[in-house]
Amino acid sequence: VVPPGVPPFNSPLPVIETVYGSKQFKSEDLLAYEVGYRVDIGKKFSGDISAFYNDYTNLRSAEPGTPFLEGSPLPTDVVFPFVAQNKMSGGTYGIEPFFDWKAMPRWKLFGSYSYLQMNIRKNADSLDPTPDIPNGSNPKHQVFVQSSVDLPWHLEQHLSYRFVDKLTGIGVPSYSSVDAGVSWKPMTNLRFSFDGQNWLDNRHLEFMPDFINTVPTVVSRSFYGSVTWDFNQR
């Protein structure tokens with residue numbers, strides 16, 4: 001709801017911005033291209049890299065309709081409708097390398113990197129007043145590294161680090177996160193584990209709503225334990 005006299009409407013009555021669906025709304029279309037290469041170096045190291053390009057059409061846009069008065073017998077507000085249509089398109093491209101390294105007989109390292117570039121724009125006939133937010137609501141850079149160590153007495157320790165780049169279109173800063181835990185496998189089909197997530201921060205912001213103003217996604221530090229029984233093992 002936009003109060004009376006507030007831009008961009010400057011209406012003497014409250015303005016209710018409302019989103020409507022449409023029976024003419026279509027599913028998005030995607031034409032995806034991908035190429036990759038994988039290499040093994042001995043028995044301890046393997047890696048691969050892939051490049052991709054995705055061509056999207058019929059993406060969702062919110063097109064303005066004709067405003068109308070609401071309320072009877074006297075109007076109480078103005079409804080400004082937005083109708084879901086398919087007037088956005090564009091492409092995304094990037095690369096994704098990955099490696100798997102057995103550094104020592106009991107120590108394994110995994111790692112990956114992702115680069116994403118988005119070029120999503122409204123079509124020339126679109127009247128959607130919102131900016132091309134999809135270009136800034138996905139991280140351009142992401143890094144992930146995980147370490148796994150086999151310890152004596154059937155124990156396993158794992159540690160992971162990830163970096164997620166800022167989301168410029170919705171005001172979310174970049175962040176780093178470290179997760180760590182330990183598990184104990186006293187039998188082939190039984191595992192006990194204890195894990196902690198987000199050791200670096202008490203909490204951090206991961207996402208802001210980019211269409212409807214709902215609650216932001218904030219992730220807090222957390223700890224949990226689990227017991228797993230595998231019935232398929234003998």
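What follows is a chat between a trainee and a mentor about reading a predicted model.

Trainee: I'm new to this one. Which residues form a nonpolar patch on the surface?

Mentor: Keep in mind that we're looking at a predicted model. The patch is made up of Tyr37, Val39, Ile41, Ile49 and Ile95, and together they have about 460 Å² of accessible area.

Trainee: Which strand gives the largest share of the nonpolar patch?

Mentor: That's strand β2, residues 29-41, which supplies three residues. Ile95 sits elsewhere, in strand β5, residues 77-104.

Trainee: Is Ile95 buried or exposed?

Mentor: Go by the relative accessible area: under 20% is buried, over 50% is exposed, and anything in between is partly exposed. Ile95 has 35%, so we call it partly exposed. For another case, try Phe231, in the segment after β13 (222-229). Phe231 comes out as exposed because its relative accessible area is 71%.

Trainee: How far apart are Phe231 and Asn189 in space?

Mentor: From C-alpha to C-alpha they are 6.9 Å apart, although 42 residues separate them in sequence.

Trainee: Let's turn to charges. How many salt bridges does the structure hold?

Mentor: Four. To spot one, look for a side-chain nitrogen of Lys or Arg within 4 Å of a carboxyl oxygen of Asp or Glu. One of the four joins Asp48 and Arg38, whose closest N and O atoms are 3.6 Å apart. That pair links distant parts of the chain, with Asp48 in strand β3 (residues 45-64) and Arg38 in strand β2, ten residues apart.

Trainee: And how open to the outside are the two partners?

Mentor: Asp48 is partly exposed at 22% relative accessibility, while Arg38 is exposed at 63%.

Trainee: Which side chain does Arg191 meet in a salt bridge?

Mentor: The side chain of Glu156, at 3.9 Å from N to O. Arg191 belongs to strand β10 (residues 190-197) and Glu156 to strand β8 (residues 155-164), so this bridge ties together parts that are 35 residues apart in sequence. Arg191 is partly exposed, at 28%, and Glu156 is partly exposed too, at 23%.

Trainee: Where does Glu206 come in?

Mentor: Glu206 forms a salt bridge with Arg162, at 3.1 Å from N to O. Glu206 is in strand β11 (residues 203-207) and Arg162 in strand β8, with their places 44 residues apart in sequence. Arg162 is partly exposed, with a relative accessible area of 26%.

Trainee: How do I read a residue on the inside, such as Thr92? Which residues is Thr92 in contact with?

Mentor: Find its place first: Thr92 lies in strand β5. Thr92 is buried because its relative accessible area is 5%. Leaving aside neighbours within four places in sequence, its contacts include Phe52, Tyr53, Asn54, Tyr56, Leu116 and Met118.

Trainee: Last topic, the rings. How many aromatic pairs are there in the whole structure?

Mentor: Eight. Take Phe9 and Phe80: their ring centres are 4.9 Å apart and their planes are at 55 degrees, so the pair is tilted. Phe9 is in the segment before β1 (15-20) and Phe80 in strand β5, so parts that are 71 residues apart in sequence are tied together. Phe9 is partly exposed at 24%, whereas Phe80 is buried at 17%.

Trainee: Why is the pair of Phe80 and Phe82 tilted?

Mentor: Because their planes are at 45 degrees, with the ring centres 5.3 Å apart. Phe82 is buried, at 9%. Put the three together, and Phe9, Phe80 and Phe82 form one aromatic cluster.

Methods. Residues are numbered from 1 along each chain as its sequence is written. This is a predicted model: local features need pLDDT of at least 70, side-chain atom pairs count only at pLDDT 80 or more; totals for chains, interfaces and linings use all residues. Side-chain values use heavy atoms; hydrogens and water are left out. Patches are made of residues with over 30% relative accessible area and no salt bridge: like charges are joined within 9 Å, nonpolar side chains (Val, Leu, Ile, Met, Phe, Trp, Tyr) within 5 Å. Accessible areas come from the Shrake-Rupley method with a 1.4 Å probe; for residues, only the protein chains shown count as cover. Helices (H or I, at least four residues) and strands (E, at least two) are DSSP runs, numbered from the N terminus. Buried means under 20% relative accessible area, exposed over 50%, partly exposed in between (1.4 Å probe, protein chains only). Contact means heavy atoms within 4.5 Å. Rings of Phe, Tyr and Trp (its six-membered ring) pair if their centres lie within 6.5 Å; planes under 30 degrees apart count as stacked, over 60 as edge-to-face and the rest as tilted.
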